[in-house]
Each structure stands twice: as C-alpha cells, then as structure tokens.
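Subject: Structure handover

Hi,

Here is the structure I promised to pass on. Please open it next to this email, and follow the notes below as you go.

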Amino acid sequence: MKGVRRRSGWAAWALVLACGRPAPIPEQAAATEPGTLAARPRAAPAAQTELARPRTDASATPQTPAPSPAEATAPKQPVPTATTELPVAGFLPSLVSWPEARSWPQPVLLAAHGAGDFAESHCEIWRHLLGRRGIVLCLRGRAIRKSSEDHGYYFPDHLALERETLAALDSLTRRHPDLADPKQAVYAGYSQGAQMGMLMLLGRGALMPRLLLVEGGAGDWNKARALRFAKSGGERVALVCGTPGCFQNAQRSAVELEAAGVWSRVHYARGAGHTYGGPVIAESALAFDELTRGDERWAD
C-alpha cells in the first residue's frame, strides 16, 4: 500500500517512550481470570425464494427472485482490503483496518495510541481482536520529531485529539458512506490516548458512549466528570489495567461512574505492567465484549 509505512510484528513498539513495551500478540489470547466471551447470535439462514410459475400469456412480466440477505446488504462502493490510509484534513493520515465482513455498513472502533507509539500497532491489535467485525480507525497523532518518524507520535493535548478525532470520523464517513456506520462508535485509548480521550469525551458522550481505557484515565473520574459524561449521552466505561496503581485508581473511578448511572467494569491483568500487550490483550477483549453487549452491529 503506497504511502503506508509498515512495521514487522511488534518491532514498532520498541520505540514507545512513555507507554511501556507491549508483548507480541499471542496465537490465542487467554484471560488472567476465568471467563469466556459471551456467545454471539448468528444470523438464521436465508429462506429460499419461491419462483413464480411461468405464464402462457406473452404479455405477462416475468417475476424476479427477491434478493438474498447478502445481496441486500452488499455495499454500492468497492470494499478496501487489509489496512489503508485515510486522508484527514489538517492532520497526518489516519489508518483504517477493514474487516472481511458479511454485511455492510460496519460499526466503528476508534483507537488512540500512547505517547511515542504508532497507529500501525493498534490497528493490528484491534483487527486481531475483532476479526470480521467492525472498522478500526487508528489516529496518527503528531510526530515527536519532525525529522524522523521513527521516534513515534503523540497527541499534544485533549483539544488536539478532539480536532483530529472529529476530522478523521468526518473523512471516513464522507469517503465511505456505504461502508462505515459511525453512530455511537467505540473509543479505545491506551495510556496518553486513554487519558486525553477521557477528557475529550466528557461532554461528547452521544458521539462515543462506550469507552475502553487501557492504563490511562483510570484515576481521573470524579462525581462531576462522571455526571457530565452521563448527561451528554455516555453509557459505559471499561477500565483495563496492568499495574497496581492503575487498578486501585480504577476501582475508585468505577464507584463514581456507577453512582452517576454509567455502567463500569474494571479489568486487571496482574503483573502485566504498563503495556497494551501480553495478558492485557485478553482483558481488553473481555472488556470490549461487555461494552458492546446488546449492540447487534457488533455480533458475528
């Protein structure tokens, strides 16, 4: 793909400055605590369409079989494959990871990385976790050093993150109106992306009512912030931790969120550290399943 810088495996994460060193994605992620993902309903097989009997009347109009469900949900525009760049006005291009979906349009998960990290890594992780479901939109951020992209990227503050988020969603919707369903997108942030994402979305709950915050934003929910998020349309917050400090803060924040009427869960990968990889991946998968439960767009 022209213009997209590829990295091999998890080598891209060796340059993470403030977000720890994630472990490679395992062949089969296992949760640190007992529990499995809830079974998702599968669509019933399509009923066969009965063809009308041929008429002897030459003036009769032949009947056409009704379209199958697959044909009815087929997009009008070509579906990109793998990962592509998305031009974003005023910012570096975002990355979009496309699923091998059975129907369209598909819901959107927006991913924001940590300081010194790369969009490629997070698109790889979330495609691995989501499989054939959902469009993964990965924000690029700003290069830490303009002379060398190898030092990674960051978000200057939550206002800059907000502007890039809105611009990226707008570009995705305008360029792929038949493929992307951006309504009530899921926000998944790690470290700086989680911390600033939480601040960005306090008053924009209707835009992204379900947040998955990994090793960031865990200790920043108080009564006022939780109520503000709820009143703006926020519904669910999952806090995923790999460090003891994050876990302790997340437990306190979950109490404030629940008191404000926002569903909240804390997932802890004990001993994992400040990372997005290793056992934290399994906890993120469980958290995502809980966040999207009841939204049939995310069903297999």
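**Helix α2 and its surroundings**

Start with helix α2, residues 119-130. This helix has twelve residues and spans 16 Å from its first C-alpha to its last, close to the 16 Å expected at 1.5 Å a residue. Keep in mind throughout that the model is predicted.

How much of α2 is covered? Ten of its twelve residues are buried. They are A119, E120, S121, H122, C123, I125, W126, R127, L129 and L130. These buried residues pack against five strands and a helix by name: β2 (91-97), β3 (106-112), β4 (135-138), β7 (180-190), β8 (210-214) and α7 (279-291). Right after α2 comes G131, with a positive phi of about 65 degrees.

**R140, a partner of α2**

R140 sits in the loop between β4 and β5 (142-145). Is R140 buried or exposed? R140 counts as buried, because its relative accessibility is 6% and the cut-off for buried is under 20%. The R140 side chain makes a polar contact of 3.0 Å with the side chain of E120. E120 is one of the buried residues of α2.

R140 has other neighbours too. Setting aside residues up to four places away in sequence, R140 touches L92, P93, S94, L95, H113, A119, E120, Y153, F155 and E164.

**The chain as a whole**

Now step back. The protein chain has seven helices and ten strands. Of its 300 residues, 49% count as buried. The accessible surface comes to about 14,800 Å², and 52% of that belongs to carbon and sulfur atoms. Take the contacts between residues at least 6 apart in sequence: 75% of them join residues at least 24 apart.

**Nonpolar cores**

Which residues touch the most other members of the largest nonpolar core? They are L137, L172, Y187, L213, W221 and V237, out of 44 residues in that core. Helix α3 (residues 158-175) gives the most to this core, with five residues. A second, separate core has 28 residues, including A119, I125, A238 and I281. Of these, A119 and I125 are also among the buried residues of α2.

L213 is worth a click. Leaving aside neighbours within four places in sequence, L213 is in contact with Y187, G189, A194, M198, W221, V237, A238, L239 and V240.

**Salt bridges**

Side chains of opposite charge can pair when their charged atoms come close. The count for this model is ten salt bridges. Three of them follow.

- K183 pairs with D181, with the closest N and O atoms 2.7 Å apart. K183 is exposed, at 55% relative accessibility. D181 is buried, with a relative accessible area of 10%.
- R297 also meets D181 in a salt bridge, at 3.0 Å from N to O. R297 lies in the segment after α7 and D181 in strand β7, so this pair ties together parts that are 116 residues apart in sequence. R297 is partly exposed, with a relative accessible area of 24%.
- R210 and E235 meet in a salt bridge of 3.7 Å, N to O. R210 lies in strand β8 and E235 in the loop between α5 and β9 (236-241), so the pair ties together parts that are 25 residues apart in sequence. R210 is buried, with a relative accessible area of 11%. E235 is partly exposed, at 32% relative accessibility.

Which residues do shared salt-bridge partners join into one network? They are D181, K183, D295 and R297.

**The ends of helix α5**

Last, look at α5 (residues 223-231). N222 caps its N-terminal end. A side-chain oxygen of N222 lies 3.2 Å from the backbone nitrogen of A224. G233 follows α5, and its phi is positive, near 115 degrees.

**Where to look again**

For a quick second pass, I would pick three places. One is the contact between R140 and E120. Another is the network of D181, K183, D295 and R297. The third is L213, one of the residues that touch the most other members of the largest nonpolar core.

Best wishes

Terms used. Residues numbered from 1 in each chain as written. Predicted model: local features only at pLDDT ≥ 70, side-chain atom pairs only at ≥ 80, totals over all residues. Heavy atoms only, no water. Polar contact = N/O pair within 3.5 Å; in protein donor to acceptor, adjacent residues only side chain to side chain. Helix = DSSP H or I, 4+ residues; strand = E, 2+ residues; numbered from the N terminus. Expected span 1.5 Å × (residues − 1). Buried < 20%, exposed > 50% of the residue type's maximum accessible area, 1.4 Å probe, protein only. Contact = heavy atoms within 4.5 Å. Areas by Shrake-Rupley, 256 points an atom, 1.4 Å probe, with all protein chains shown as cover. Salt bridge = Lys/Arg side-chain N within 4 Å of Asp/Glu carboxyl O. Core = buried A, V, L, I, M, F, W, Y, C linked by side-chain atoms within 4.5 Å.
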